[in-house]
Amino acid sequence: MLERCAASWGVPFVEDARTIFRGVWLPGKDLRHIPRFPSQPFAAISITQKANPMKAERGQIKPIDRTVDGFEQLLIENLYHAHGQALQSATRRDIYMALAYTVRDYLIESWRKTNEVYYRTNPKFVYYLSAEYLPGKQLPQNLLYTGTTELARQALARHPIDLDEVCELDAEPGLGNGGLGRLAACFLDSLATLSIPAVGYGIRYEFGIFEQTFEHGQQVERPDKWLRYGNPWEFAQSDEMVEVGFGGRSEYYRDAEGNLRVHWLPAQKVLGEPCTTLVPGFGNETVNILRLWRARATEEFDLQLFDVGDYVRAVARKVESENISKVLYPNDETIQGKYLRLQQQYFFVACSLWDIIRRFRLRNDDWDTFPDQVAIQLNDTHPVVAIPELMRILIDEHQLAWDRAWDIARRTFSYTCHTLLPEALERWPVDLFGSLLPRHLEIVFEINRRFLDEVRRRFPGDEARVARMSLIEEGPVRQIRMAHLATVGSSAVNGVAELQSRLLRERTLHDFAEMWPARFQNKTNGVTPRRFMRLANPQLCDLIASKIGDGWLNDLERLRELEPYADDPSFQHDWRLVKQHNKQLLAHNLLHRNGLALDPHSLFDIMVKRLHEYKRQLLKVLHIVWLYQQVKADPNRDIVPRTFLFGAKAAPGYRMAKLIIRLIHSVADVVNQDHDVHGRLRVVFPPNFNVSLAERIYPAADLSEQISMAGKEASGTGNMKFALNGALTVGTLDGANVEIRDLVGPENFFLFGLTTDEVLATKAAGYSPHEIYRSNAELRGVIEAIASGSFSHGDANLFRPIVDSLMRYDEYLLLADFASYIESSEQAAAAYRDAERWTRMSILNTARCGFFSSDRTIRQYCEDIWHAKPVPVE
C-alpha cells in the first residue's frame with residue numbers, strides 16, 4: 001500500500017519511511033534524503049493520519065479553495081472521508097466533527113508554510129513547559145484565526161444548519177485548574193501571533209479538571225469527559241512514543257578513558273504518546289503547536305494471566321501506566337497521591353526533553369550551541385525536575401563533563417514563580433523522590449553540594465544562610481525545595497506582577513536575590529484580547545473599531561485612542577447599549593443553562609476565580625449578609641439593585657473552601673426567597689466555571705471583585721479581563737491590581753484594605769480578630785447570624801468551622817478589612833447611580849488597560865529572557 005501511495009505522489013518508495021512531509025518536497029531530493037523527524041518544527045504527519053492525496057502534486061500543495069462553494073465541498077468530503085458518515089443521515093455532532101476537520105485543513109495549510117520556513121531558517125525555539133493549559137473551545141477561535149467564520153456560516157446555512165449551534169458542541173479541554181493554565185494558553189496564542197517559533201508541552205489528561213455540580217449547596221466533583229466523542233483538533237502520533245523510566249538503581253562503570261560514568265537502570269517503564277494540537281497566530285500565517293503526552297503501557301495485556309482467569313491482573317500494567325495521564329492533580333493527601341503527582345511531572349518532562357533534544361540534533365551538532373537554539377521556560381515548579389533530567393541526559397547519555405553540562409543547562413532554563421504561598425512552593429520528600437527517581441536524586445544532591453560550596457565562598461561563616469538556601473530542607477522529613485532548585489538551575493527568575501516580583505526578591509527568595517540580583521526580573525502577566533475581547537465581546541470590539549479602526553487587537557495599547565470619547569454622550573450611549581446587551585445574553589444563558597434568573601437591569605457584582613481562603617470569597621459573603629441585614633432592618637432603604645454572581649471550584653480535598661461554597665449557597669437560598677429584598681438583591685452561583693462561561697461573564701460585569709489579602713495574589717488575570725471589558729474594580733493593592741489602579745487612575749478604581757506592609761505590621765503587633773468583632777456592631781451581627789444558624793435552617797454547627805476560623809485566627813484579615821470594604825462597596829454603588837460618570841469610568845478602564853495584552857508580556861520575555869526573534873511566515 002505504501003508503494004502505491006508513493007507512486008501516486010510521484011516519489012520513490014523507501015522501505016522504512018513511515019512518514020511523509022506535509023509540505024513541499026525538498027527540491028532535487030527524495031525520501032532517502034529527508035531526515036526522519038516527523039513532528040514540529042519540521043513537521044510531518046504519520047501516514048496513518050488523515051491525508052488527502054488529491055491535494056498533493058509533485059513539488060507543490062494545491063491551495064484550499066477559500067470560497068463558500070469550496071468550503072462546503074471540503075466539509076462534505078470530510079464528513080464522508082474523515083468521519084465516515086453520509087450527509088443524509090448526519091447528526092449535529094457528525095456535522096461538528098466534519099466542520100472541525102475542515103477548519104483544521106485550513107490550519108494545516110499554514111502549518112505547512114510555517115514548517116518550511118522553520119526548516120530553512122533553523123531559528124531559536126521557545127519551549128514552554130506547563131502542567132496546565134486551559135485553551136477554551138477551539139472551533140470559534142480557529143474559525144476566527146483562519147478567516148472562515150462567514151464561509152462556515154453560509155455553507156452550513158445551505159442545509160440548513162446554524163453555526164452557533166454547532167459551535168456549542170465543541171468540547172472545552174479542562175487541562176488546567178485556573179489562572180496558571182489559562183495564562184499558558186494565552187502565551188501560546190501570543191507566541192504564534194508574534195511569529196515566535198515555539199512549542200508548548202504538557203500532559204493530555206484524560207479527564208482533566210473535574211466537572212463541578214452542586215447538590216444541596218455542596219460541591220460534587222464528576223469526571224470531565226471532554227474526550228467522550230474524540231478530539232478532532234489533535235494528531236495522535238503513536239509511532240513517536242517515548243520510553244520513560246521510574247525507580248530502579250544507578251549502575252557505575254568506567255568508560256574507555258577511565259572516567260567514572262553512571263547508567264540508570266529503571267525498574268518500570270511507560271510510554272509517552274504525543275498528541276499534537278495546532279496553535280495558530282492571529283493576523284499571520286504562523287501555526288505553532290501544543291504537544292501533550294498521553295501515558296501508555298509498554299505491555300498492555302498479559303495473555304497468560306487472562307487464560308487462567310486472572311482478568312484484573314491481565315490488564316493491571318495498562319491501568320497502572322495510564323493512570324499517569326488520567327486526571328489533573330490527583331489528591332496528594334495520601335502517599336499514593338504524592339507518588340502519582342511526581343510521576344506525572346517527571347513523565348511529561350522526560351518526554352518533552354527527549355523531543356526538544358531530537359529537534360535540536362536534527363540541524364545542530366555542537367552541544368555548546370544548545371542554549372543558543374533552545375529556551376525552556378518552566379511555568380511554576382511543576383516541571384522543575386527537567387533540570388536534573390537534562391543534566392542526566394548530558395552527563396550520562398552523552399557523557400559531557402559536569403561543568404560543561406551545568407553551564408548548558410543553566411543557560412537553557414528560565415523559571416516563572418507564580419506564587420507567594422509557602423504551600424504552593426513544591427517540596428518533595430527525599431525518600432519518595434529517591435524511590436521514584438534514584439538517579440535524579442543523586443544529581444540533585446551533587447547540584448546542592450556544588451551550590452552550597454559557592455554560597456560558603458560568597459558568604460563565609462554564614463551557616464544559617466547556607467541552611468536557608470540549601471535545596472534540601474532538613475527536618476523530621478527531609479524535602480527537596482523545588483523553587484530553590486529552579487532558581488539555582490535557571491538563567492532568569494521572574495515574578496508575574498510588580499508587587500509579587502518585589503516580594504519574591506525581598507522575602508520569598510531573598511537570599512537568592514542577594515546572591516544573584518541580576519537574575520531576578522518582573523514580567524507582568526497579560527491576556528489575549530483575541531479570545532477575551534474579539535470572541536467574548538464582539539459588539540464592544542465593533543464599537544471600538546468604529547472609532548479607532550482595525551488592527552488594535554494586535555496592538556492593544558491603541559485602546560488609548562478611546563480616551564477622547566469617554567465624555568462623548570453618543571459614544572457613552574452606545575457603550576451602555578453594548579453592556580446591557582451582554583448582561584441580557586448572560587441572563588439568558590444562565591436561565592437556559594442552569595435555571596438561574598438574573599435581572600439584567602441590576603448592578604452585576606461578580607467574583608469568579610479559583611476558591612481559596614486568601615482570595616476571600618468569604619469577605620464577599622460577609623458583605624452580602626451585611627447588605628441583606630441593612631434592608632431587613634429598613635425595608636424602605638434605597639439601595640442599588642444588585643446581582644451577586646460567584647464562580648469558583650474548590651480543590652476536592654480543600655474542606656474549608658468547600659464549606660465556603662456551601663455557605664454561599666445557603667445565603668443565596670435565604671436572600672433569594674425573601675420578599676423584602678425581592679428585585680433588589682439576588683445571589684447566584686452557576687456551577688462549573690470554565691473558559692466558556694468566563695467569556696459570557698466578563699463582558700457582562702459591572703463590578704469586578706479583586707479582594708484578596710494584600711501580599712497573597714501573584715498577579716491575577718481575571719482582573720485584567722474584567723477591566724478590558726469595561727468593568728470597574730473594587731480591590732486591594734494586591735497582585736496586578738496595583739498596576740491596574742496606576743494605569744486607570746485612582747479615581748476609576750475602588751480601593752480598600754490594608755497594604756502588604758500594613759498586613760505584616762498588623763500580624764506582627766499581635767492581631768486580635770475578637771477585638772474587631774467586639775468593636776464593630778454591624779460586623780458582630782453578620783457573624784452572629786451565620787453562627788446562630790440563620791442561613792443553615794437553625795443548624796448552629798454547620799458553619800461553626802468558618803466562624804471559629806474567623807474569630808480565633810482570621811489568617812487572611814477579613815475582619816480587619818471589613819469596614820473598609822463596606823465603605824468602598826457603598827462608594828461603588830453610589831457611582832453606579834450616576835450613569836454618565838459610571839460609563840466614563842468604564843470607558844477609561846478599557847482605554848487604559850492595553851498594557852495587559854499577553855503580546856506585550858511575550859515581547860518582554862523574548863527580549864529580556866529568551867532572546868528569541870520573530871520568524872515571519874510569508
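Is His 216 buried or exposed? Select His 216 and switch on the surface: His 216 is exposed, with a relative accessible area of 77%. (Buried means under 20% relative accessible area, exposed over 50%, and partly exposed in between, using a 1.4 Å probe and protein chains only.)

Two notes before we move on. You're looking at a predicted model, where local features need pLDDT of at least 70, side-chain atom pairs count only at pLDDT 80 or more, and totals for chains, interfaces and linings use all residues. Residues are numbered from 1 along each chain as its sequence is written, and side-chain values use heavy atoms, with hydrogens and water left out.

**Backbone oddities**

Stay on His 216 and check its backbone: phi is positive, about 55 degrees, although the residue is not a glycine. The loop that holds His 216 runs between strand E7 (211-215) and strand E8 (218-222). (Helices are DSSP runs of H or I with at least four residues, strands are runs of E with at least two, and both are numbered from the N terminus.) For context, most residues other than glycine have a negative phi, and most peptide bonds are trans.

Next, pick Pro 160. The peptide bond leading from His 159 into Pro 160 is cis, with omega near -20 degrees. You'll find Pro 160 in the loop between helix H5 (149-157) and helix H6 (163-167).

Now jump to Tyr 329, another non-glycine residue with a positive phi, near 50 degrees. Tyr 329 sits in the loop between helix H10 (316-322) and helix H11 (335-363).

**Along H11**

From Tyr 329, step over to Gln 344, which lies in helix H11. Gln 344 counts as buried, at 3% relative accessibility. Show its surroundings: setting aside neighbours within four places in sequence, Gln 344 is in contact with Ile 203, Tyr 205, Ile 324, Val 327, Tyr 329 and Pro 330. (Contact means heavy atoms within 4.5 Å.)

Then select Tyr 346, also in H11, together with Phe 246 in strand E10 (residues 242-246), 100 residues apart. How many aromatic pairs does a search of the whole structure find? There are 29, and Phe 246 with Tyr 346 is an edge-to-face one, 5.8 Å centre to centre with 75 degrees between the planes. (Rings of Phe, Tyr and Trp, taking the six-membered ring of Trp, pair if their centres lie within 6.5 Å; planes under 30 degrees apart count as stacked, over 60 as edge-to-face and the rest as tilted.) Both Phe 246 and Tyr 346 are buried.

For a group of rings, select Tyr 118, Phe 125, Tyr 127, Tyr 201 and Trp 293, which form one aromatic cluster. Then try Arg 363, which lies over the face of Tyr 119 at 5.0 Å from the ring centre. Lys 649 does likewise with Phe 210: its charged end sits over the ring, 5.2 Å from the centre. (A charge sits over a ring if NZ of Lys or CZ of Arg is within 6 Å of the ring centre and within 35 degrees of the ring normal.)

**The cores**

Which residues have the most contacts inside the largest nonpolar core? Select Leu 129, Phe 347 and Trp 866; the core itself has 129 residues. (A nonpolar core is a set of buried Ala, Val, Leu, Ile, Met, Phe, Trp, Tyr and Cys residues joined through side-chain atoms within 4.5 Å.) H11 supplies the largest share of this core, twelve residues. Apart from it lies another core of 74 residues, including Leu 611, Phe 646, Leu 814 and Trp 838.

**A buried asparagine**

Head to Asn 537, in the loop between helix H21 (529-535) and helix H22 (538-548). Asn 537 is buried, with a relative accessible area of 1%. Its side chain makes polar contacts with the side chains of Asn 582, at 3.0 Å, and Asn 725, at 2.8 Å. (A polar contact is a pair of N or O atoms within 3.5 Å; within protein, one must be able to donate a hydrogen and the other to accept it, and residues adjacent in sequence count only if both atoms are side-chain atoms.)

**Last stop: a three-strand sheet**

Finish with the open sheet ordered E17-E19-E18, with antiparallel pairing. Strands E17 (427-429) and E18 (472-473) stand at the edges with a single partner strand each, so one side of each has no neighbour in the sheet. (Two strands pair if DSSP finds at least two bridges between them.) To see one bridge, select Glu 473 and its partner in E19, Gln 479.
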